[in-house]
Amino acid sequence: MSDEKLEQNGLSRRSFLGTAAASSAGIAGAGLLGLAGCSNAESDKGTASGAGSAAPAAKADAHSSEGGQSIHVGPGELDQYYGFLSGGQSGEMRLIGLPSMRELMRIPVFNMDSATGWGRTNESLRILNEKNTPETNAFLKASGLRCLPNGDLHHPHLSFTDQTYDGRYAYANDKANNRVCRVDLGIMKTDKIVEIPNASGIHGLRPQRYPKTGYVFANGEHIVPVDGFGGKVDDPKTWYSVYTAIDGETMDIAWQVLVDGNLDNGDADYQGKYSFSTCYNSERGLTVQAASANEQDWVVVFDLAAIEAGIKNGDFKEVNGVKMLDGRAEANSKYTRYIPVPNSPHGCNASPDGKYIMLNGKLSPTVTVLDVSKLDDLFAGKIQPRDVVVAEPQLGLGPLHTAFDGRGNAYTTLFIDSQMAKWNIEDAIKAYAGEKIDPIKQKIDVHYQPGHNHTTMGETKEADGKWLVSLNKFSKDRFLNAGPLKPECDQLIDISGDEMKLVHDNPTFAEPHDFCLVAASKVNPGKTWDRTKHAWWWKDAADMAAKDGVELEKAAKVVREGNKVRVYMTAVAPAFSVPQFEVNQGDEVTVVVTNVETIEDLTHGFTLEGYGIAMEVGPQQTSSITFTAHRPGVHWYYCQWFCHALHMEMSGQMIVKPK
Ligand code: CUK
Ligand code: CUA
């Protein structure tokens with residue numbers, strides 16, 4: 001590997017680049033090209049053109065993009081883009097500002113959160129559990145769990161109207177527990193979570209772009225026995241994967257399609273006619289060797305109109321309450337086509353001109369380019385599957401994901417080479433047609449092993465070609481040593497000029513897979529909760545209060561019904577309207593807190609000492625929590641959000657009388 005070679009020469013890539021940056025004149029010097037050539041030696045084996053070694057190397061300017069855009073966002077200034085960053089195995093989604101890369105907010109989704117009470121409050125538990133399968137509910141009960149405590153969130157993507165973001169929702173998958181979530185961008189909170197039955201390892205996720213979202217497409221990554229299709233637990237030859245379309249408005253499952261191979265990443269077209277999923281493991285292997293044996297796997301193309309007609313005509317099986325169509329290759333299905341693609345392809349990315357779908361080769365150094373306009377003929381049987389391919393440039397080792405600048409260029413992450421390759425799409429098409437032309441424009445080193453990349457507005461028709469972010473899986477020496485577990489390294493690259501310029505390293509916690517970069521004007525969250533618009537959030541508490549004759553906004557009441565106690569209070573700085581309440585040991589207690597502040601940023605909280613309870617109560621929000629008073633004694637509750645000069649005094653006591 002390149003870094004080892006550098007280290008053998010007593011140079012780390014970091015110190016080498018630091019030297020290069022210090023000698024401002026020597027950047028393009030012969031010495032550097034020599035080393036760059038060395039660092040590219042392996043990738044060149046995979047590239048027909050050998051352009052890697054001749055491509056300009058990265059300028060290691062850590063603070064600003066010389067002659068380019070400034071990344072500096074000064075005190076009091078605002079970023080130009082929202083970034084919706086996946087939190088990977090942390091289970092959360094994160095809101096990042098660009099170009100500063102500052103973390104603005106964490107949105108709890110598939111995790112449990114100490115600050116906000118997500119996974120503990122009644123409101124969050126309803127959202128977390130309302131669309132569980134019966135099997136999951138039985139499992140939770142048997143395990144003594146109130147919700148699944150973890151998730152693996154890979155792919156956040158925003159809702160579309162007419163091929164661009166409409167600011168309504170963000171969606172994301174949970175690979176760990178087969179779920180899909182929706183975040184309401186009006187409050188930046190998760191408002192729906194649906195478990196996907198029949199499928200395993202919900203991975204790739206993309207919303208429909210046109211006419212609007214519409215469907216949210218989700219890939220089941222793992223082949224499993226599927227009810228109704230002869231699946232046997234002890235025979236992998238009978239296992240399949242399942243592709244799911246969710247209704248983005250209701251978050252109900254619209255339909256599923258049974259397919260062959262492990263589905264990986266997906267995308268939708270810009271026309272509203274087709275969707276796509278890359279697929280590895282055409283071999284049906286259960287080991288690494290077996291699963292990567294074939295030189296080619298495929299992309300599955302789904303014909304949405306045909307699928308909708310199939311549903312209408314009853315050409316499906318009802319499997320655990322979901323309409324499932326047969327889209328297997330062997331079924332010669334009218335709903336799907338299988339296009340061979342080398343080799344265990346991973347990322348799947350539609351170009352913003354709406355013309356092409358890029359399939360990133362992973363184990364092949366190529367990206368395969370499909371021409372969307374040829375798909376009608378493919379489904380009509382007029383052409384062969386590979387006739388849809390119009391380019392297959394060799395870019396380097398380990399292509400995983402591709403992003404776009406809206407000027408006809410594509411940017412592909414090379415995982416093994418630790419590089420970003422910029423290439424021109426039309427040039428790649430000409431080269432595939434036989435013209436002597438090198439589509440690769442530039443390669444730069446990234447640090448290290450990039451997975452996803454993303455450009456500003458790059459998955460919409462409004463791709464603006466300003467910034468590119470490389471989400472790198474390893475950070476090694478890029479940051480102060482944080483111990484054996486290192487942060488990942490998200491790198492910001494200025495792509496506004498002719499050349500990519502690396503301008504910033506940003507450490508992130510486990511583990512970003514995807515990043516949706518959205519012009520700030522597209523997203524307009526409210527400044528406080530809206531008691532009318534967001535009444536659905538505390539609907540159960542409101543119903544309960546109505547029965548108890550309590551008005552939430554003026555509440556100061558304790559209601560007892562047998563061994564059930566309901567405590568209603570307001571929070572206004574610096575006091576709760578109920579400063580003390582008494583219960584008996586073993587009572588089931590529900591505390592309902594309404595924050596009646598109308599002022600922006602005046603969040604209160606309710607933390608109950610010794611009971612593992614804390615919840616956020618935002619301005620104009622109602623939050624509630626139910627627990628059993630197992631511990632006798634005096635238990636203070638306090639506001640954990642610093643809200644007032646007398647914030648420390650914003651407290652009270654729950655007295656639990658022993659049995
Ligand atoms: S996957 Cu992570 S690097 Cu889950 Cu989108 Cu490609
Ligand atoms: Cu209310 Cu601190």
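**A tour by strand, helix and buried glutamate**

Begin by selecting L608, whose bridge partner in β40 is Y637. The model is a predicted one, in which local features need pLDDT of at least 70 and side-chain atom pairs count only at pLDDT 80 or more, while totals for chains, interfaces and linings use all residues. Residues are numbered from 1 along each chain as its sequence is written, chains are lettered from A and ligands numbered from 1 in the order in which they are written, and side-chain values use heavy atoms, with hydrogens and water left out.

**Around β40**

From L608, show β37 together with strand β40 (residues 633-638): the two run antiparallel and are joined by 2 bridges. Strands are DSSP runs of E with at least two residues, helices are runs of H or I with at least four, and both are numbered from the N terminus; two strands pair if DSSP finds at least two bridges between them. Next add strand β41 (residues 651-657), which is antiparallel to β40 and joined to it by 6 bridges, with M654 of β41 as the bridge partner of H635.

**E597 in its loop**

Now select E597, which sits in the loop between β36 (588-595) and β37 (604-608). Which side chain of opposite charge is nearest to this buried residue? It is R531, 13 Å away, and E597 has no salt bridge. Here buried means under 20% relative accessible area, exposed over 50% and partly exposed in between, computed with a 1.4 Å probe on protein chains only; a salt bridge requires a side-chain nitrogen of Lys or Arg within 4 Å of a carboxyl oxygen of Asp or Glu; and Lys and Arg count as positive, Asp and Glu as negative, with His and the chain ends not counted. The side chain of E597 does, however, reach the backbone nitrogen of A573 at 2.6 Å. If you display contacts (heavy atoms within 4.5 Å) and leave aside neighbours within four places in sequence, E597 touches A571, V572, A573, L602, H604, P619 and Q620.

**Two four-stranded sheets**

Move to the open sheet whose 4 strands follow the order β23-β24-β25-β26 with antiparallel pairing. At its edges are β23 (399-404) and β26 (440-445), each of which pairs on one side only, and neighbouring strands are turned by 20° against each other on average, direction ignored. Inside this sheet, β24 (residues 409-414) and β25 (residues 419-424) pair over 6 bridges, and N409 has N424 of β25 as its bridge partner. Then add helix α11 (residues 425-432), which lies across β23, β24, β25 and β26 and runs at about 75° to β25; axes are lines fitted to C-alpha atoms, for helices over the stretch in contact, and angles run from 0 to 180 degrees between N-to-C directions.

The next selection is another open sheet of 4 antiparallel strands, ordered β27-β28-β29-β30. Because β27 (450-455) and β30 (501-508) stand at the edges with a single partner strand each, one side of each is left without a neighbour in the sheet. The twist averages 20° from one strand to the next. To see one pairing, select W467, whose bridge partner in β29 is D494.

**A covered helix and a hairpin**

Select helix α6 (residues 122-129), where 6 of the 8 residues are buried, namely E123, S124, L125, I127, L128 and N129. Their cover includes α7 (134-143), β6 (179-184), β7 (189-195), α12 (539-547) and β39 (622-628).

Finish at strands β2 (residues 93-98) and β3 (residues 103-107), antiparallel and joined by 4 bridges. L95 has M105 of β3 as its bridge partner, and in this hairpin, with 4 residues between the strands, M101 takes a positive phi near 65°.

Conventions:
Polar contact = N/O pair within 3.5 Å; in protein donor to acceptor, adjacent residues only side chain to side chain.
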